[in-house]
Amino acid sequence: MKKIPRAAALVLTITLLLSLCGCGAADGKTHLTFQIWDVAQRDGMQAMCDAYTAQNPDVVIEVQVTSWSEYWTKLEAAGESNTMPDIFWMHTDQILYYADFGILADLTDLYTGEDPNFWTEHYSDISIGNASGSDGRMYGVPKDRDNVVLVYNREMFDAAGVAYPDENWTWDDMMDASQKIYDATGKYGYMAYNDEQLGYWNFVYQNGGYILDPETNIHAGYTQPATSEAIKYYVNIQKNEWCPDQTFFAETTPGTAFFSGMGSMFYEGSWNLLSELKNYPDMVGKWDIAPLPKCPSPASGDGTGTISNGLCYSTAANGKNLEIVKDVLRFFGSEEGQRIQGESGAAIPAFLGLEDSWTTEFAKFDYLLDVQVCYDQFETCVQYINNATRRKWKSNVADEMVKVYNGADIDAQLAVMQGIADSYVTD
């Protein structure tokens with residue numbers, strides 16, 4: 001495992017030990033810590049923990065929030081010193097790293113006693129895949145699932161006399177609407193920025209290309225013709241006067257620009273929609289969501305597709321409260337636990353059939369977003385791109401993409417990106 005500086009590790013370890021021991025056990029109860037990185041989901045996670053405690057009064061679970069920027073540094077330090085939180089969120093980008101080093105508890109048999117087919121009956125292949133290690137064993141309980149939607153400003157569409165986007169929209173329709181909105185209002189159209197999950201990955205898979213070979217999940221596909229074609233299309237969007245360039249996005253995110261009234265469309269993750277309703281109350285009713293526009297003439301496939309990710313709940317293989325924690329995780333993965341998460345608005349439950357429980361929190365607003373779009377898109381989702389080596393090369397590939405957006409020859413840079421990814425292939 002990658003080492004961090006000894007002094008930093010010592011400070012982080014002491015901090016974690018203090019947080020773990022702070023509650024004490026003077027009351028005779030087992031106190032567990034649950035680490036997450038999203039403050040917007042804290043209440044939902046605590047509601048689920050409190051529901052478990054209501055059934056098991058001797059177990060108390062405290063949800064602790066650490067910022068994304070610090071989360072993984074602290075977790076790695078805790079893994080080295082065997083002081084990990086009792087329960088913690090695990091991201092698809094990181095799970096193979098932790099699972100393959102034997103740090104995470106194997107949860108494959110968590111429900112075997114009650115239902116040996118529990119995972120496949122209640123969770124999608126994507127959810128199971130996102131919670132699995134390289135060996136195919138499960139090292140997390142699927143928490144949620146998501147996808148990417150098109151967010152659009154209804155008022156700007158009305159001002160330009162453009163019909164709202166729907167399931168029949170293609171990339172061409174989005175480009176045409178962008179120009180008309182810009183001509184009528186002076187506002188930006190679709191804001192394409194340098195991102196993978198919320199950007200060019202979706203275009204690649206809609207065009208029939210791939211970032212990782214779907215047959216092996218080993219070899220990259222940056223120079224594959226359909227991939228190259230889609231990336232060129234996406235990058236060249238910024239050449240239109242109605243799309244900001246990446247210098248703009250270095251200072252202002254598409255979401256900030258959109259909710260500031262500067263632009264009419266951007267791609268957004270379903271996980272951010274509720275917080276945006278809460279954070280921009282004056283915009284409620286002025287915006288909505290639609291399916292991702294389709295590729296009009298894909299190299300293969302039907303032109304649809306959206307990247308889908310999902311977090312999971314994990315625990316350390318050598319945790320001192322492992323058996324109790326496994327029982328907590330069994331509750332988190334149950335229909336009851338997943339429903340609590342959904343109704344709290346934290347995220348779309350990974351448990352199949354409970355997706356629309358997420359609608360509960362949205363219905364409290366004066367205008368109900370068309371969240372059915374999120375549920376419908378699960379039929380055409382592509383699993384979040386990841387394999388055992390991607391963690392090693394993704395930042396270098398991202399650096400090369402920056403050069404692409406800054407005007408470097410796309411074919412040449414894609415060849416460099418392909419070479420970087422291929423350098424880690426050992427088969």
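**A walk through the sheet and its helices**

Let us start with one pair of residues: Tyr152 has Met265 of strand β7 as its bridge partner. The model you are looking at is a predicted one, and this pair is a good place to enter it. Leu150 is also matched with a residue of β7, namely Tyr267. Both pairs belong to the meeting of strand β5, residues 148-153, with strand β7, residues 263-269, which pair in the antiparallel sense over 5 bridges. Strands of a sheet pair through backbone hydrogen bonds, either parallel or antiparallel.

Now look at the other partner of β5. Strand β8 pairs with β5 in the antiparallel sense as well, over 4 bridges. Here Val151 stands opposite Ile289 of β8.

Put these strands together and you can follow the whole sheet. The sheet is open, has 4 strands in the order β6-β7-β5-β8, and its pairing is mixed. Which strands stand at the edges? They are β6 (188-190) and β8 (287-290); each has a single partner strand, so one side of each is left without a neighbour in the sheet. From one strand to the next, the twist averages 30°.

Is β5 enclosed or open to the outside? Of its 6 residues, 6 are buried, so β5 is largely enclosed by the rest of the structure. In a regular strand the side chains alternate between the two faces of the sheet. You can follow this in β5: Val148, Leu150 and Tyr152 point one way, while Val149, Val151 and Asn153 point the other way, and all are buried.

Next, find the helix that crosses this sheet. Helix α9, residues 196-206, lies across β5, β6 and β7 and runs at about 90° to β7. One residue of α9 to pick out is Gln197. Gln197 counts as buried because its relative accessibility is 12%, which is under the 20% cut-off. Beyond its neighbours within four places in sequence, Gln197 is in contact with Asp146, Val148, Asn202, Trp271, Ile307, Asn309 and Tyr384. Gln197 and Ile385 are 188 residues apart along the chain, but their C-alpha atoms are separated by 8.6 Å.

A second residue worth finding is Phe258, in helix α12 (residues 254-259). With a relative accessibility of 0%, Phe258 counts as buried. Setting aside neighbours within four places in sequence, its contacts include Val151, Tyr152 and Asn153, as well as Met265 and Trp287. Phe258 and Ala40 are 218 residues apart in sequence, and their C-alpha atoms are 20 Å apart in space.

Let us move on to a pair of helices. Two packed helices are described by the angle between their axes and the distance between the axes. For helix α3 (residues 68-81) and helix α4 (residues 92-100), the axes come within 13 Å and cross at roughly 5°. That angle makes α3 roughly parallel to α4. Trp72, Leu75 and Glu76 of α3 make the contact with Gln94, Tyr97 and Tyr98 of α4. By class, this contact has 4 nonpolar, 1 polar and 1 charged residues.

Finally, how far can you trust what you see? The protein chain averages a pLDDT of 94, and 94% of the residues score at least 70. Over residues 1-24, however, pLDDT stays under 50, and the model has 33 contacts beyond four places in sequence for this stretch. Where pLDDT is low, the predicted coordinates should not be read in detail.

How values were computed. Residues are numbered from 1 along each chain as its sequence is written. This is a predicted model: local features need pLDDT of at least 70, side-chain atom pairs count only at pLDDT 80 or more; totals for chains, interfaces and linings use all residues. Side-chain values use heavy atoms; hydrogens and water are left out. Axes are lines fitted to C-alpha atoms, for helices over the stretch in contact, and angles run from 0 to 180 degrees between N-to-C directions. Helices (H or I, at least four residues) and strands (E, at least two) are DSSP runs, numbered from the N terminus. Angles under 35 degrees count as roughly parallel, over 145 as roughly antiparallel, 65 to 115 as roughly perpendicular and the rest as oblique. Contact means heavy atoms within 4.5 Å. Ala, Val, Leu, Ile, Met, Phe, Trp, Tyr, Cys and Pro count as nonpolar, Asp, Glu, Lys and Arg as charged, and the others, Gly among them, as polar. Two strands pair if DSSP finds at least two bridges between them. pLDDT is the predictor's confidence in each residue, from 0 to 100. Buried means under 20% relative accessible area, exposed over 50%, partly exposed in between (1.4 Å probe, protein chains only).
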